[in-house]
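This report describes how two chains meet and how one of them is built. Please keep the sequence and the structure in view while reading.

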Amino acid sequence: MRIKSPRDFWAGLMFIGFGLGFLFIAVGPPAFLVELAKQFDYKFEYGYQMGTAVRMGPAYFPTVLGGMLAALGLFVLIESLAIEGEKVARFYFRPLLFIVAANLAFAYLLKPLGVMLSIAVLVFISAYGGHEFKWKEVALLAIAMMIMSVLVFVKGLTLPFPIWPAFME
Amino acid sequence: MDLINNLMLGFTVALSPFNMLMCLVGVFLGTLIGVLPGVGPVATIAMLLPVTFNLSPIAALIMLAGIYYGAQYGGSTTAILVNIPGESSSVVTCLDGYQMARQGRAGPALAVAALASFFAGCVSTLIVAAFAPPLAEVALKFGPSEYFSLMVLGLVSAVVLAHGSILKAIAMVILGLLLGLVGTDVNSGVLRYAFGISELSDGIGFVTVAMGMFGLAEIVMNLEHTGEVREVFTDKKLHLWPSKEDFRRSIAPTLRGTFLGSALGILPGGGALLASFGAYTLEKKVSKYKHEFGKGAVEGVAAPESANNAGAQTSFIPLLTLGIPSNAVMALMIGAMMIQGIAPGPQVMTEKPQLFWGMIASMWVGNLMLIILNLPLIGMWVKLLTVPYRVLYPSILVFMVIGVYSLSNNPFDCFLMALFGVFGYICVKLECEPAPLILGFILGPLMEENLRRAMLLSRGDPLVFFQKPISAGFLIAAMILLVIIALPAIRKKREEAFVEA
């Protein structure tokens, strides 16, 4: 068996994974697994009430949708084995990594370090993910963004962000 | 006359100094960010949403609507000047607008785009004012089964508009619906798919998903390409005013574009994108100057520009009357309404006439401001285009993270945004469109709620959706749409249309 359309193949797998995931969490694990888990003193907490068509429980809609999603994924997967398609486009990990890291760094540094420093960190990390990194330019940009953020968001829109690091206030 | 009274009420609201100021700020910010390449209206609105949190509901919605037209308008400017559509609905404007610019007629192209948009804005404001009230009346009689079927139709239309494989688009819609279910189930109070994370008990924020999948993923995509070569036509002083010939040739396309755009905008899943594509194709078929299309025909600018503006405005009709978003931008507007404590739906018109009519009147005001603001400011927008992307994207990122963080003052939302950013990037690589997912995400809880109610009322008989005429009509329309796009001949045409874009 040869995969003729890798892009669709992976998309199909992804949909099957999500579909089955939503389905099984809604339905809950099969009985034997629950029994098995009991042996190890572990209690499965997943599984919602199914209800009936008249009075739908919290599991009803996601179960139906999860099943549909998995089925569609299977179709996409089968099609990818039958019909010639394209390769998965190349992933560029560098920008992805730096953009995500910049975002997370800001989010988790804001409370301890304040707006000023966390914005600077954000600008530097994200700028490093690009193709060109000019120290002077990035520094100027960071300063401009720091001033702008404090004026617009903290002073102007009164968002409850600390401006300076907690130990300095 | 009711219509006139209502519009008068609307204008007293929209013309109050503070609301005018908010409209101006919205239009200005929208254009500013819309001009920046790689930031579409969805990301723009999502980014600026926190700016509106402290405003009154009406001022917030007026400003957001202004941002939307502004972003749209800014998108056309970049389409004409640098051949980069600032957003998807100005893709077709690139074809002829950029050619006009290359022939040294950038000024007239921009002016025609602005004037055609303004005309379309005036007409479609009237159309919204005329059609929304009777539709809201009808919608008040809708039961859960009608709502459910209408949402099905809306989601199917979103599938039709997506690029590439229909199967994958449907799968994305369903995945969106499922993601929308995360959080506390309103009926039973059970926490679903929260994995013990307390921040998820209210569900995943819509802005978070939109910013991740549109904003973050877009930035990463833009960073893939090294060394941008942009040809900006800034060297010569812009002669703005179009010739008499341009005017004469633009009138009919503008009219056709306006009406086609208005009609397509009302459709669920429609809006500016479908409108501009439709208008361009129509014009290419009926124009006397067919041979000039793609080589700088003024009709090729006037028609899609009038249509996308008309479509953008009439897409407010389903939002204002049914409370159902027809595209991702409208979904954000719903989100904004909910944050302001307004439950979107047909009752808004009767319960909050000031908000309803004020918003409609503000559409016209916003369009007027766009034209007053933009014709003289084109020079400034052009300068903005020369700012390199390496300076732009960290600034965009600053707005995005602050916006998302401020949603609930919690780093967890930023973490989720990062997650959806990565997921959005994977989706792009696998050619799975995010737009259908977003629409499904918004409609998920609504759909489940209406399905439950309909089934409860019918005592579990699923045929109820076909027994009620309006509901049956929606479902049949949805089925016809699905069959049509599945037909091989049309499938090919659809692919061609997207390739051409």
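## The contact between the chains

In this predicted model, 60 residues of chain A and 54 residues of chain B make up the contact. On the side of chain A that touches chain B, α1 (6-27), α3 (60-82), α4 (93-128) and α5 (135-156) of chain A each supply at least two residues. The largest share of that side, 16 residues, is supplied by α4(A).

The side of chain A that touches chain B can also be described by residue class: 44 of its residues are nonpolar, 12 are polar and 4 are charged.

## The helices of chain A

Which elements make up chain A, helices or strands? The chain contains 5 helices and 0 strands. Along the sequence, the pattern of chain A therefore reads α-α-α-α-α, each helix being a DSSP run numbered from the N terminus.

## Dimensions and packing

Along the principal axes, the C-alpha atoms of chain A occupy a box of roughly 60 × 45 × 35 Å. The radius of gyration of chain A is 25 Å, whereas a compact globule of 169 residues would have one near 15 Å.

How many of the 169 residues of chain A, in per cent, count as buried? The share is 36%. To count as buried, a residue needs 20 or more other C-beta atoms within 10 Å of its own.

Contacts in chain A can also be sorted by separation in sequence. Of those between residues at least 6 apart in sequence, 65% join residues at least 24 apart.

Definitions and conventions
Residues are numbered from 1 along each chain as its sequence is written. Chains are lettered from A and ligands numbered from 1 in the order in which they are written. This is a predicted model: local features need pLDDT of at least 70, side-chain atom pairs count only at pLDDT 80 or more; totals for chains, interfaces and linings use all residues. Two residues are in contact if their C-beta atoms, placed from the backbone, lie within 7 Å. Helices (H or I, at least four residues) and strands (E, at least two) are DSSP runs, numbered from the N terminus. Ala, Val, Leu, Ile, Met, Phe, Trp, Tyr, Cys and Pro count as nonpolar, Asp, Glu, Lys and Arg as charged, and the others, Gly among them, as polar. The radius of gyration is taken over C-alpha atoms; the globule rule is 2.2 Å times the number of residues to the power 0.38. A residue is buried if 20 or more other C-beta atoms lie within 10 Å of its own, exposed if 12 or fewer, and partly exposed in between; C-beta atoms are placed from the backbone.
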